[in-house]
Amino acid sequence: MKIFVGNVDGADTTPEELAALFAPYGTVMSCAVMKQFAFVHMRENAGALRAIEALHGHELRPGRALVVEMSRPRPLNTWKIFVGNVSAACTSQELRSLFERRGRVIECDVVKGGMCVG
(Lines give C-alpha, C1' and ligand atoms only; values in the text may rest on other atoms or scores of the structure.)
Protein backbone atom coordinates (compact mmCIF):
# COMPACT_ATOMS: atom_id res chain seq x y z
CA MET A 1 0.00 0.00 0.00
CA LYS A 2 1.28 3.45 -0.94
CA ILE A 3 1.18 6.05 1.85
CA PHE A 4 1.46 9.80 1.35
CA VAL A 5 3.47 11.64 4.03
CA GLY A 6 3.10 15.42 3.95
CA ASN A 7 4.85 18.23 5.81
CA VAL A 8 8.23 16.54 5.49
CA ASP A 9 11.43 18.57 5.38
CA GLY A 10 13.09 16.93 2.38
CA ALA A 11 16.39 18.66 3.05
CA ASP A 12 16.54 17.20 6.55
CA THR A 13 14.72 13.84 6.24
CA THR A 14 16.16 10.67 4.74
CA PRO A 15 14.36 7.65 3.30
CA GLU A 16 16.11 5.54 5.96
CA GLU A 17 14.72 7.72 8.74
CA LEU A 18 11.16 7.37 7.38
CA ALA A 19 11.58 3.62 6.91
CA ALA A 20 12.64 3.30 10.56
CA LEU A 21 9.61 5.36 11.64
CA PHE A 22 7.18 3.12 9.71
CA ALA A 23 8.93 -0.24 10.32
CA PRO A 24 7.22 -1.00 13.68
CA TYR A 25 3.89 -1.19 11.82
CA GLY A 26 4.91 -3.61 9.05
CA THR A 27 7.30 -4.29 6.20
CA VAL A 28 8.47 -1.12 4.44
CA MET A 29 9.13 -1.86 0.77
CA SER A 30 10.46 1.58 -0.21
CA CYS A 31 10.52 5.27 0.72
CA ALA A 32 10.91 8.29 -1.55
CA VAL A 33 11.45 11.75 -0.06
CA MET A 34 10.71 14.87 -2.12
CA LYS A 35 11.00 18.47 -0.97
CA GLN A 36 7.95 18.72 1.32
CA PHE A 37 6.41 15.27 1.08
CA ALA A 38 7.27 11.61 0.80
CA PHE A 39 5.80 8.28 -0.24
CA VAL A 40 6.18 5.11 1.83
CA HIS A 41 5.26 1.75 0.31
CA MET A 42 4.30 -0.93 2.83
CA ARG A 43 3.71 -4.59 2.04
CA GLU A 44 0.71 -5.30 4.28
CA ASN A 45 -2.47 -3.22 4.13
CA ALA A 46 -3.18 -3.80 7.84
CA GLY A 47 0.25 -2.50 8.83
CA ALA A 48 -0.13 0.51 6.56
CA LEU A 49 -3.48 1.37 8.12
CA ARG A 50 -1.97 1.07 11.62
CA ALA A 51 0.91 3.35 10.59
CA ILE A 52 -1.50 5.93 9.15
CA GLU A 53 -3.52 5.97 12.36
CA ALA A 54 -0.48 6.10 14.64
CA LEU A 55 1.71 8.54 12.71
CA HIS A 56 -0.77 11.12 11.41
CA GLY A 57 0.06 14.26 13.41
CA HIS A 58 3.38 12.82 14.66
CA GLU A 59 6.11 15.46 14.91
CA LEU A 60 9.19 14.09 13.18
CA ARG A 61 10.73 17.54 13.74
CA PRO A 62 9.51 19.94 16.45
CA GLY A 63 6.61 22.00 15.13
CA ARG A 64 6.14 19.93 11.95
CA ALA A 65 3.21 17.56 12.37
CA LEU A 66 3.19 14.94 9.63
CA VAL A 67 0.18 14.43 7.40
CA VAL A 68 -0.04 10.66 6.90
CA GLU A 69 -2.77 9.22 4.66
CA MET A 70 -3.38 6.69 1.93
CA SER A 71 -2.00 7.93 -1.34
CA ARG A 72 -4.72 8.84 -3.80
CA PRO A 73 -4.27 8.32 -7.52
CA ARG A 74 -3.82 11.31 -9.75
CA PRO A 75 -7.12 12.57 -11.20
CA LEU A 76 -8.10 11.19 -14.62
CA ASN A 77 -7.01 13.10 -17.70
CA THR A 78 -4.01 14.68 -16.00
CA TRP A 79 -0.33 14.40 -16.86
CA LYS A 80 2.83 14.76 -14.87
CA ILE A 81 5.43 16.87 -16.63
CA PHE A 82 9.12 17.00 -15.72
CA VAL A 83 10.68 20.41 -16.33
CA GLY A 84 14.47 20.35 -16.30
CA ASN A 85 17.17 23.00 -16.48
CA VAL A 86 15.15 25.45 -14.38
CA SER A 87 17.00 28.26 -12.64
CA ALA A 88 17.48 27.76 -8.91
CA ALA A 89 15.97 31.23 -8.47
CA CYS A 90 12.65 30.15 -10.06
CA THR A 91 9.91 29.46 -7.52
CA SER A 92 7.15 26.89 -7.83
CA GLN A 93 4.62 29.74 -7.95
CA GLU A 94 6.41 31.33 -10.92
CA LEU A 95 6.47 28.02 -12.75
CA ARG A 96 2.81 27.37 -11.86
CA SER A 97 1.86 30.80 -13.28
CA LEU A 98 3.66 30.02 -16.52
CA PHE A 99 1.85 26.68 -16.98
CA GLU A 100 -1.55 28.02 -15.86
CA ARG A 101 -1.58 30.15 -19.01
CA ARG A 102 -2.22 26.87 -20.87
CA GLY A 103 -4.59 25.14 -18.43
CA ARG A 104 -5.34 24.10 -14.88
CA VAL A 105 -2.32 23.05 -12.78
CA ILE A 106 -3.16 20.51 -10.08
CA GLU A 107 0.23 20.37 -8.40
CA CYS A 108 3.59 22.08 -8.83
CA ASP A 109 6.53 21.10 -6.65
CA VAL A 110 10.24 21.76 -6.48
CA VAL A 111 11.86 18.33 -6.47
CA LYS A 112 15.58 18.15 -5.60
CA GLY A 113 17.04 20.54 -8.12
CA GLY A 114 14.13 20.45 -10.57
CA MET A 115 10.47 21.30 -10.85
CA CYS A 116 7.62 18.90 -11.30
CA VAL A 117 4.25 20.10 -12.57
CA GLY A 118 1.28 17.74 -12.50
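How many of the 118 residues of the chain count as buried? The answer is 31%, where buried means under 20% relative accessible area, exposed means over 50% and partly exposed is in between, using a 1.4 Å probe and protein chains only. Keep those words handy for the tour.

**Before you click**

This is a predicted model, in which local features need pLDDT of at least 70, side-chain atom pairs count only at pLDDT 80 or more, and totals for chains, interfaces and linings use all residues. Residues are numbered from 1 along each chain as its sequence is written, and side-chain values use heavy atoms, with hydrogens and water left out.

**Stop 1: the whole chain**

Show the full chain as a cartoon. Its C-alpha atoms fill a box of roughly 45 × 30 × 20 Å, taken along the principal axes. You should find three helices and nine strands; here helices (H or I, at least four residues) and strands (E, at least two) are DSSP runs, numbered from the N terminus. Follow the sequence and the pattern reads β-α-β-β-α-β-β-β-β-α-β-β.

Now colour by pLDDT, the predictor's confidence in each residue, from 0 to 100. The chain has a mean of 86, and 92% of its residues reach 70 or more. Confidence is highest in α2, at 97, and lowest in strand β9 (residues 114-117), at a mean of 40. Select residues 112-118: pLDDT stays under 50 there, yet the model has 33 contacts beyond four places in sequence for this stretch. Contact means heavy atoms within 4.5 Å.

**Stop 2: two domains**

Colour residues 1-68 as domain 1 and 77-117 as domain 2, following the domain assignment; such bounds come from an automatic or database assignment. The C-alpha centres of the two domains lie 25 Å apart.

Next, select residues 1-73. An unreviewed UniProt entry annotates this span as "domain: RRM"; UniProt positions are given in the numbering used here, feature names are shortened, and annotations may be inferred rather than shown by experiment. The span is 26% helix and 36% strand, and its end C-alpha atoms lie 12 Å apart.

**Stop 3: the nonpolar core**

Show side chains for Ile3, Val5, Leu18, Phe22, Val40 and Val68. Of the 18 residues in the largest nonpolar core, these touch the most other members. A nonpolar core is a set of buried Ala, Val, Leu, Ile, Met, Phe, Trp, Tyr and Cys residues joined through side-chain atoms within 4.5 Å. The elements giving two or more residues to this core are β1 (2-6), α1 (15-22), β2 (28-33), β3 (37-42) and α2 (45-55). Among them, α2 gives the most, with four residues. In soluble globular proteins, nonpolar side chains tend to be buried together.

Zoom in on Leu18. Leaving aside neighbours within four places in sequence, Leu18 is in contact with Thr13, Cys31, Val33, Ala38, Val40 and Leu60.

**Stop 4: two cysteines**

Stay with Cys31, which counts as buried because its relative accessibility is 18%. Then jump to Cys90: is this residue buried or partly exposed? Cys90 is partly exposed, since its relative accessible area is 22%. Don't hunt for disulfides, as a search of the whole structure finds zero; a disulfide is a pair of cysteine sulfur atoms within 2.5 Å.

**Stop 5: two loops**

Select Asn7, in the loop between β1 and α1. Asn7 has a positive phi of about 65° although it is not a glycine. Most residues other than glycine have a negative phi. With a relative accessible area of 34%, Asn7 is partly exposed.

Move on to Pro73, in the loop between β6 (67-70) and β7 (81-83). At 73% relative accessibility, Pro73 counts as exposed. Draw a distance line from Pro73 to Ala88: they are 15 residues apart along the chain, and their C-alpha atoms are separated by 29 Å.

**Stop 6: helix α3**

Finish at helix α3 (residues 92-100), where you'll find Ser92. Ser92 is partly exposed, at 28% relative accessibility. Ser92 and Gly63 are 29 residues apart in sequence and 23 Å apart in space, C-alpha to C-alpha.

Which residues does Arg96 contact, leaving aside its neighbours within four places in sequence? Arg96, also in helix α3, is in contact with Val105, Ile106, Glu107 and Cys108. The C-alpha atoms of Arg96 and Cys108, 12 residues apart along the chain, are separated by 6.1 Å.
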